[in-house]
Amino acid sequence: MGTDSWERARQVLEAAGLPPDRLAGLRPLSGGTYNTVEELVLTDGSRYVLKVPPPPTAPGLRHERRLLVSEAEFYRAAAEADVPVPRVVAVGPHLLMTACPGEPWDGTLTAAERTVLRRELGRQVARLHRVTGPGFGYPSGALGPLAADWRTAFVTMLDAVLDDARRYRPRLPRPVDVVARTLRAAHDALDEVTVPCLVHFDLWQGNILVDRVAGEARIGGLVDGERMFWGDPLADFVSLALLGDIGKDRAFLTGYREGGGASGFGVTERLRLALYRCYLYLIMLTETVPRAAGEEHVRRLREVVAPELVAALDEVGELGRGSTGSP
């Protein structure tokens, strides 16, 4: 790490009331595509994570402004639910937090361990979803103040990413205006959501830390809560089964029900889930442009995500007609 990073880390520690001269180690953490993330190790062995946003002039999607405000809000709210998350030490232009034990979930787990952990994860996510907020939408204020109803909030979120797609012009499998028209026909389904619940919205395996205590695997923490919003709990099921079907994850759904979560998949629930899949896949495809992702990465992403976006759009169109009784 360069001297600038060490000096920045010392300044952050001092501002947070921690002794800057005890900074013993500094290393970058991989996995993020927006913020700069570093691990700080002090002489007493304590570990912290520092997130630094890109400069305000850096290109990005509309909802990405003030992401660290949302992340700090997620950790505060998740702690209320007794879910293992980092503790926020300081938030401002940057976010300093404690480090959770463990490493990102990877392919080294046995089938039995995966089953146990997915069930545990289900219980933890159910506890997250019992935490409610003061309104619907992103607490960062990136898209305006929180809304009084979920339909207003989510339509604003959808419109923002569609505007981003028009501006950055990623290669989408269907024209942006056609996508917008398909989604608009299903907005009525959003009216069923009346309580703004805590949604992480980025719970793929890379953001789930697995720790081994006495050889036994357990969840050490849920991290990278910067994409959180107050909204429909069903939205979390998209990243929890990224590019897949949460209905096939029996262990997770068992734990989710044990934790008090409702996991029914009627027509309107499936329709809302398809809308949220469209939202995430639009973000994944559009963000490659302001991120200046490499050609090979963009190609692979298009091969994997674009067909899933098409399938979700088709499901929205089919279920939307069924839910409204249209011919």
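Visitor: At what angle do helix 4 and helix 5 pack in this predicted model,?
Guide: The model is predicted. Helix 4 covers residues 150-168 and helix 5 covers residues 176-184. Their axes are 10 Å apart, and the packing angle is about 170 degrees.

Visitor: Are helix 4 and helix 5 roughly parallel or roughly antiparallel?
Guide: The angle between the two helices is about 170 degrees. Angles over 145 degrees count as roughly antiparallel. Helix 4 and helix 5 are therefore roughly antiparallel.

Visitor: Which residues of helix 5 make the contact with helix 4?
Guide: Helix 4 brings Leu 158, Leu 162, Ala 165 and Arg 166 to the contact. The residues on both sides divide into 7 nonpolar, no polar and 2 charged. From helix 5 come Val 176, Asp 177, Val 179, Ala 180 and Leu 183.

Visitor: Which residue in the loop between helix 4 and helix 5 has a positive phi?
Guide: The residue is not a glycine, yet its phi is about 55 degrees. At 70% relative accessibility, it counts as exposed. It is Arg 169.

Visitor: Where does Arg 66 lie?
Guide: Phi of Arg 66 is also positive, near 60 degrees, in a residue other than glycine. Its relative accessibility is 52%, so Arg 66 counts as exposed. Its place is the loop between strand 3 (47-52) and helix 2 (67-80).

Visitor: How are the ring planes of Trp 150 and Phe 154 arranged?
Guide: Both residues lie in helix 4, 4 residues apart, about one turn of the helix. An α-helix has 3.6 residues a turn, so residues three or four places apart point the same way. The ring centres of Trp 150 and Phe 154 are 5.3 Å apart, with the planes at 35 degrees, so the pair is tilted.

Visitor: Are Trp 150 and Phe 154 buried or exposed?
Guide: Under 20% relative accessible area counts as buried. Trp 150 has 0%. Phe 154 has 1%. Trp 150 is buried, and Phe 154 is buried.

Visitor: How many residues apart in sequence are the parts that Phe 201 and Tyr 279 tie together?
Guide: Phe 201 and Tyr 279 form a tilted aromatic pair, 5.8 Å centre to centre and with 35 degrees between the planes. Both are buried. Phe 201 sits in the loop between strand 7 (197-199) and strand 8, while Tyr 279 is in helix 8 (residues 267-286), so the parts tied together are apart in sequence by 78 residues.

Visitor: Which residues form one aromatic cluster?
Guide: Trp 150 and Phe 154 belong to it. Phe 201 and Tyr 279 belong to it too. The full list is Phe 136, Tyr 138, Trp 150, Phe 154, Phe 201, Phe 229, Tyr 276 and Tyr 279.

Visitor: Which strands stand at the edges of the sheet with the order 6-8-9?
Guide: This open sheet has 3 strands with antiparallel pairing. Each edge strand has a single partner, so one side of each is left without a neighbour in the sheet. The edge strands are strand 6 (103-104) and strand 9.

Visitor: How many bridges join strand 8 to strand 9?
Guide: Strand 8 (residues 208-213) and strand 9 run antiparallel. They form a hairpin with 2 residues between them, and Ala 214 in the turn has a positive phi of about 55 degrees. In strand 9, Gly 221 stands opposite Leu 209. The joining bridges number 6.

Visitor: How many residues of strand 9 are buried?
Guide: Strand 9 spans residues 216-222 and is largely enclosed by the rest of the structure. Helix 3 (residues 111-128) packs on the sheet and touches strand 8 and strand 9. Of the 7 residues of strand 9, the buried ones number 5.

Visitor: Against which helices do the buried residues of helix 7 pack?
Guide: Helix 7 spans residues 250-258. Its buried residues are Ala 251, Phe 252, Leu 253, Gly 255 and Tyr 256. They pack against helix 3 and helix 6 (236-240).

Visitor: What separates the C-alpha atoms of Gly 17 and Ala 90?
Guide: Gly 17 lies in the loop between helix 1 (3-15) and strand 1 (23-28). Its relative accessible area is 63%, so Gly 17 is exposed. Gly 17 and Ala 90 are 73 residues apart along the chain, and their C-alpha atoms are separated by 9.5 Å.

Methods: Residues numbered from 1 in each chain as written. Predicted model: local features only at pLDDT ≥ 70, side-chain atom pairs only at ≥ 80, totals over all residues. Heavy atoms only, no water. Axes fitted to C-alpha atoms, helices over the stretch in contact; angles between N-to-C directions. Parallel < 35°, antiparallel > 145°, perpendicular 65-115°, else oblique. Contact = heavy atoms within 4.5 Å. Nonpolar A, V, L, I, M, F, W, Y, C, P; charged D, E, K, R; others polar. Buried < 20%, exposed > 50% of the residue type's maximum accessible area, 1.4 Å probe, protein only. Pairing = 2+ DSSP bridges. Phe/Tyr/Trp six-rings, centres within 6.5 Å; stacked < 30°, edge-to-face > 60°.
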